[in-house]
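These are my notebook entries on a single structure. I record what I looked up and what I found, entry by entry.

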Amino acid sequence: QMAKDLNISEQIKFLGYRRDIPKLMKISNLAVSTSRQEGLPVNIIEAMMSGLPMVVTNCRGNRDLVDNCVEIGDVEGLYKKIKNIMTGKSIESRYKVDDYKLENVLQEMEEIYNNEK
């Protein structure tokens with residue numbers, strides 16, 4: 001309803017539940033996460049693995065994976081970062097996705113369990 005009220009419903013597509021996320025990532029220009037709170041943001045990990053530039057808010061989970069986060073509620077900052085990416089003026093954020101690759105997580109878990117003995 002908000003998209004209609006703002007007269008932008010022609011520019012926005014609400015896709016609902018999808019099973020073809022990798023295909024959507026390949027045709028996307030950037031990934032945006034405006035979360036206020038995250039645990040393990042799988043959406044960000046998926047976007048990083050597909051090589052998309054990102055704009056994310058500075059909340060736990062997001063800032064663990066991406067540098068240069070936008071403060072929560074900073075609409076102007078969010079807009080500027082998206083615009084910079086879309087116009088090719090963006091400074092790449094440094095991603096920390098390697099820390100969350102399965103083999104690294106499994107190794108860390110193994111070390112934790114071995115130290116518990």
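**Entry 1: salt bridges.** I searched the whole structure, a predicted model, for salt bridges and found one. The partners are Asp 20 and Arg 18, whose closest N and O atoms lie 2.8 Å apart. I then looked up the accessibility of both residues. Asp 20 has a relative accessible area of 23% and is therefore partly exposed. Arg 18 is likewise classed as partly exposed, because its relative accessibility is 28%.

**Entry 2: disulfides and cysteines.** I asked next how many disulfides the structure holds. The search of the whole structure returned zero. Cys 59 takes part in no disulfide, and the nearest cysteine sulfur to it belongs to Cys 69, 7.7 Å away. Cys 69 is also in no disulfide; its nearest cysteine sulfur is that of Cys 59, at 7.7 Å. Why is neither pair member counted as bonded at 7.7 Å? The cut-off for a disulfide is a pair of cysteine sulfur atoms within 2.5 Å, so a separation of 7.7 Å does not qualify.

I also noted the burial of each cysteine. Cys 59 counts as buried because its relative accessibility is 3%. Cys 69, at 18% relative accessibility, counts as buried too; the limit for this class is under 20%.

**Entry 3: the loop between α4 and α5.** I located Cys 69 in the loop that joins α4 (62-65) to α5 (75-86). From there I took one distance: the C-alpha atoms of Cys 69 and Thr 87 are 19 Å apart in space, with the two positions 18 residues apart in sequence numbering. Asn 68 has its place in the loop between α4 and α5 as well. I flagged Asn 68 for its backbone, since it has a positive phi of about 60 degrees although it is not a glycine. At 45% relative accessibility, Asn 68 is partly exposed.

**Entry 4: Asn 7.** I found a positive phi of about 60 degrees at Asn 7 also, again in a residue that is not a glycine. Asn 7 sits in the loop between α1 and α2. Is Asn 7 buried or exposed? I recorded Asn 7 as exposed, because its relative accessibility is 67%.

**Entry 5: the largest pocket.** I looked up the volume of the largest pocket and noted about 650 Å³. Its lining consists of 22 residues. Those nearest the centre of the pocket are Lys 13, Leu 15, Ser 28, Leu 30 and Val 32. Which elements each supply at least two residues of the lining? I listed α1 (2-5), α2 (21-26), β1 (31-33) and α3 (42-49). The largest share, four residues, comes from α3.

**Entry 6: a nonpolar surface patch.** I closed with the surface. Leu 102, Leu 106, Met 109 and Tyr 113 form a nonpolar patch there, and their accessible area together is about 440 Å². I followed up one member, Met 109, and placed it in helix α6, which covers residues 102-116. Met 109 is partly exposed, because its relative accessibility is 38%; patch members need over 30% relative accessible area.

Notes:
Residues are numbered from 1 along each chain as its sequence is written. This is a predicted model: local features need pLDDT of at least 70, side-chain atom pairs count only at pLDDT 80 or more; totals for chains, interfaces and linings use all residues. Side-chain values use heavy atoms; hydrogens and water are left out. Patches are made of residues with over 30% relative accessible area and no salt bridge: like charges are joined within 9 Å, nonpolar side chains (Val, Leu, Ile, Met, Phe, Trp, Tyr) within 5 Å. Accessible areas come from the Shrake-Rupley method with a 1.4 Å probe; for residues, only the protein chains shown count as cover. A salt bridge is a side-chain nitrogen of Lys or Arg within 4 Å of a carboxyl oxygen of Asp or Glu. Buried means under 20% relative accessible area, exposed over 50%, partly exposed in between (1.4 Å probe, protein chains only). On a 1 Å grid over the protein atoms alone, a cavity is a set of points where a 1.4 Å probe fits but cannot get out, and a pocket is an open set with protein on both sides within 12 Å along at least five of seven lines; lining residues have an atom within 4 Å of a point. Grid points are joined across faces, edges and corners, and a volume is the space filled by probe spheres set on the points.
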